[in-house]
Amino acid sequence: RAVAGKLVWYDWVASEKVFLLYYRQLPGVAGPTEIALPASRHYPGGFEVRSSDRDGTWSWSFDADREIVTIEADPDARDHLISVLPAGFGPPPATP
């Protein structure tokens, strides 16, 4: 939907219902990252969003009507890895 920086890669692991998004912050780019997320179809038991950003430096919200996850990333971090996982997934999956 919208990435607040340069998209480096993303992946959807359908068998595990895991979405990964890796992007790099760019100077002068501001605003949130938005991910379209059909949660009722892919995550009927709920989901969680994780980030490589330090705890307390980022946040996320979900608009269920629009099915959009909005992520406010750490403005001081250069690289961001966002994971959307089924609720209770456990440790994040390995990344390339």
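Which backbone nitrogen lies 2.8 Å from a polar atom of the side chain of Asp74? I started my notebook with that one. The nitrogen belongs to Asp76. I note here that the model is predicted.

**Entry 1: Asp74**

I looked up where Asp74 sits. Its place is in the loop between β6 and β7. Next I checked its accessibility. The relative value is 4%, so Asp74 counts as buried; the cut-off for buried is under 20%. Then I listed its contacts, leaving out residues up to four places away in sequence. Asp74 touches Gln25, Asp53, Arg54, Thr57, Trp58 and His80.

**Entry 2: the sheet**

I traced the strand order next. An open sheet is formed by 4 strands, in the order β1-β2-β7-β4. The pairing is antiparallel. I marked β1 (6-13) and β4 as the edge strands, since each pairs on one side only. From one strand to the next, the twist averages 10°.

I then went through the sheet pair by pair.

- β1 and β2 run antiparallel and are joined by 7 bridges. Trp12 stands opposite Phe19 in β2.
- β2 and β7 also run antiparallel, with 6 bridges joining them. Phe19 has Val84 of β7 as its bridge partner. Tyr23 stands opposite His80 in β7.
- β4 and β7 pair in the antiparallel sense over 5 bridges. Glu48 stands opposite Leu85 in β7. Ser51 has Ile82 of β7 as its bridge partner.

Phe19 therefore turns up twice in my list: Trp12 stands opposite it, and Val84 in β7 is its bridge partner.**Entry 3: the β1-β2 hairpin**

I looked at the connection between β1 and β2. The two strands form a hairpin with 4 residues between them. In the turn, Lys17 has a positive phi of about 60°.

I also picked out Trp9, which is found in strand β1. Trp9 is partly exposed, with a relative accessible area of 23%. I took its C-alpha distance to Leu21 and got 6.2 Å. In sequence, Trp9 and Leu21 are 12 residues apart.

**Entry 4: burial of the strands**

How many of the 8 residues of β7 are buried? I counted 6, so β7 is largely enclosed by the rest of the structure. I ran the check on β2 as well. That strand is mostly covered, with 6 of its 7 residues buried.

**Entry 5: the nonpolar core**

I searched for nonpolar cores. The largest has 14 residues. Inside it, the residues with the most contacts are Ile35, Leu37, Phe47, Val49, Val69, Ile82 and Val84. I asked which elements give two or more residues to this core. They are β2 (18-24), β4 (47-51), β6 (68-72) and β7 (79-86). β2 gives the most, with 3 residues.

I chose Ile35 for a closer look. I again left out residues up to four places away in sequence. Ile35 touches Phe19, Leu21, Ile68, Val69, Ile71, Ile82 and Val84, and also Arg1 and Glu67. Val69, Ile82 and Val84 appear in this contact list, and they are among the core residues with the most contacts too.

Two of these names link back to the sheet. Val84 is the bridge partner of Phe19, and Ile82 is the bridge partner of Ser51.

**Entry 6: aromatic pairs**

I searched the whole structure for aromatic pairs and found 5. I wrote down the geometry for two of them.

Tyr43 and Phe47 have ring centres 5.7 Å apart and planes at 50°, so the pair is tilted. Tyr43 counts as buried at 4% relative accessibility. Phe47 counts as buried at 17%.

Phe47 also pairs with Trp60. This pair is tilted: the centres are 5.6 Å apart, with 45° between the planes. Phe47 is in strand β4 and Trp60 in strand β5 (residues 59-63). The two are 13 residues apart, and the pair links distant parts of the chain. Trp60 is partly exposed, with a relative accessible area of 35%.

I then followed the ring pairs onward. They link Tyr43, Phe47, Trp60 and Phe62 into a cluster. Phe47 belongs to this cluster, and I had already listed Phe47 among the core residues with the most contacts.

Terms used:
Residues are numbered from 1 along each chain as its sequence is written. This is a predicted model: local features need pLDDT of at least 70, side-chain atom pairs count only at pLDDT 80 or more; totals for chains, interfaces and linings use all residues. Side-chain values use heavy atoms; hydrogens and water are left out. A nonpolar core is a set of buried Ala, Val, Leu, Ile, Met, Phe, Trp, Tyr and Cys residues joined through side-chain atoms within 4.5 Å. Buried means under 20% relative accessible area, exposed over 50%, partly exposed in between (1.4 Å probe, protein chains only). Contact means heavy atoms within 4.5 Å. Two strands pair if DSSP finds at least two bridges between them. Axes are lines fitted to C-alpha atoms, for helices over the stretch in contact, and angles run from 0 to 180 degrees between N-to-C directions. Rings of Phe, Tyr and Trp (its six-membered ring) pair if their centres lie within 6.5 Å; planes under 30 degrees apart count as stacked, over 60 as edge-to-face and the rest as tilted. A polar contact is a pair of N or O atoms within 3.5 Å; within protein, one must be able to donate a hydrogen and the other to accept it, and residues adjacent in sequence count only if both atoms are side-chain atoms.
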